[in-house]
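Thanks for coming, everyone. Let me put the chain on the screen and walk you through one helix pair, then the whole.

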Amino acid sequence: MNKYCNYNKIDLRQVIYKTEELLELAQNRYNITVQVANRAKRRKYEDIDIIDDPINKPIIKAIIEMVDEITEPEILSDT
């Protein structure tokens, strides 16, 4: 069985939508791109198992987390 068979479970349209939303909310596209890349790089080194998993790519998780942090600040204040 191919280890990438679950890849179609990712809603790529949602990832694209979140990426566009993040770029629209950002005041500086370059800075937000660098922030996303740095967060993904950190996540990659923090969780070694994430590298081979096509569903949980660090860049996808970084984008989704950053959009949620910007659009839903109450999530952060509850913790």
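**The α2–α3 contact**

Start where α2 meets α3. From α2, the residues in contact are Ile32, Gln35, Val36, Arg39, Ala40, Arg43 and Lys44. Across from them, α3 brings Pro58, Ile59, Lys61, Ala62, Ile63, Glu65, Met66 and Glu69. By character, this contact divides into eight nonpolar residues, one polar and six charged.

A caution before I go on: this is a predicted model.

Now the geometry. Helix α2 covers residues 29–46, and helix α3 covers residues 58–71. Their axes come within 8 Å. They cross at roughly 125°. Angles of 65 to 115 degrees count as roughly perpendicular, and those over 145 as roughly antiparallel. The angle here falls in neither range, so α2 and α3 are oblique to each other. And which hand does the crossing of α2 and α3 have? Right-handed.

Let's step back to the whole chain. How many helices and strands does the secondary structure come to? Four helices, zero strands. Reading from the N terminus, the order is α-α-α-α.

Next, contacts along the sequence. Take those in the chain with a separation of 6 or more. Of these, 56% join residues 24 or more positions apart.

Last, burial and surface. The chain has 79 residues, and 23% of them count as buried. The exposed area is about 6200 Å². Carbon and sulfur atoms supply 52% of that area.

That's the tour. I'll take questions now.

Terms used:
Residues numbered from 1 in each chain as written. Predicted model: local features only at pLDDT ≥ 70, side-chain atom pairs only at ≥ 80, totals over all residues. Heavy atoms only, no water. Helix = DSSP H or I, 4+ residues; strand = E, 2+ residues; numbered from the N terminus. Buried < 20%, exposed > 50% of the residue type's maximum accessible area, 1.4 Å probe, protein only. Contact = heavy atoms within 4.5 Å. Areas by Shrake-Rupley, 256 points an atom, 1.4 Å probe, with all protein chains shown as cover. Axes fitted to C-alpha atoms, helices over the stretch in contact; angles between N-to-C directions. Parallel < 35°, antiparallel > 145°, perpendicular 65-115°, else oblique. Left-handed = near helix turned anticlockwise from the far one by under 90°. Nonpolar A, V, L, I, M, F, W, Y, C, P; charged D, E, K, R; others polar.
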